[in-house]
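Welcome! Please take a moment to look over the chain shown here, and then read on for a short guided tour.

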Amino acid sequence: MKCAICRNGITESGYTTVLLEKDDTTLIFKNVPAQICSNCGEEYISSEINRAILSRAREESDRGITLEMLRFAA
Ligand SMILES: [Zn+2]
C-alpha cells in the first residue's frame, strides 16, 4: 500500500518491535508483523494484530508483570 505519512513510499511486509506501556506494565513485543514504508520507515500494524497485542498486554498486566520482552506470535 502507499504510505499515508510521506505519500511517496510503498509499504513492504516486515517485522517490527512494539513498546507498550499500560499502568505499571511495560511490554516489548519483538517480531510483530507490520507493513513498513520503504521511504520514511513508518510502520503500519493491522488492527487485528493491534488487538492481539492489547489483549496480551492486558493478560500480562493482570499477572502483575512489570517488564517483559515477548516474541509476538499471531
Ligand atoms: Zn512513508
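How many helices and strands does the secondary structure of the protein chain come to? The answer is 1 helix and 4 strands. Please keep in mind that this is a predicted model.

## The chain as a whole

If you follow the sequence from its start, the elements come in the pattern β-β-β-α-β. The C-alpha trace of the protein chain spans about 45 × 20 × 15 Å along its principal axes.

Of the 74 residues in the protein chain, 7% are buried. Among contacts with a separation of 6 or more, 62% are between residues 24 or more positions apart.

## Strand β2 and its partners

A good place to begin is strand β2, which covers residues 25-37. With β1 it is joined by 11 bridges, and the two strands run antiparallel. Here you can find Leu20, whose bridge partner in β2 is Leu27. Leu27 also stands opposite Glu68 in β4. Strand β4 itself consists of residues 67-71 and runs parallel to β2, with 5 bridges joining the two.

Strand β3, residues 43-44, also pairs with β2, this time in the antiparallel sense and over 2 bridges. In this pairing, Ile36 stands opposite Glu43 of β3.

## Two hairpins

Now for the turns. β1 and β2 form a hairpin with 2 residues between them. In that turn, Asp23 has a positive phi of about 50°.

β2 and β3 form a hairpin as well, with 5 residues between them. Its turn holds Gly41, which has a positive phi of about 85°.

## Two more residues with positive phi

Where is Arg7 found? Arg7 sits in the segment before β1, the strand of residues 11-22. Its phi is near 55°, a positive value in a residue other than glycine. Why does Arg7 count as exposed? Arg7 is exposed because it has 10 other C-beta atoms within 10 Å, and the cut-off for exposed is 12 or fewer.

Asn31 is not a glycine either, yet it has a positive phi of about 65°. This residue lies in strand β2. Asn31 has 13 C-beta neighbours inside 10 Å, so it counts as partly exposed.

## A quick recap

To retrace the tour, β2 pairs with β1, with β4 and with β3. Positive phi values turn up at Arg7, Asp23, Asn31 and Gly41.

Key: Residues numbered from 1 in each chain as written. Predicted model: local features only at pLDDT ≥ 70, side-chain atom pairs only at ≥ 80, totals over all residues. Buried ≥ 20, exposed ≤ 12 C-beta atoms within 10 Å, placed from the backbone. Contact = placed C-beta atoms within 7 Å. Pairing = 2+ DSSP bridges.
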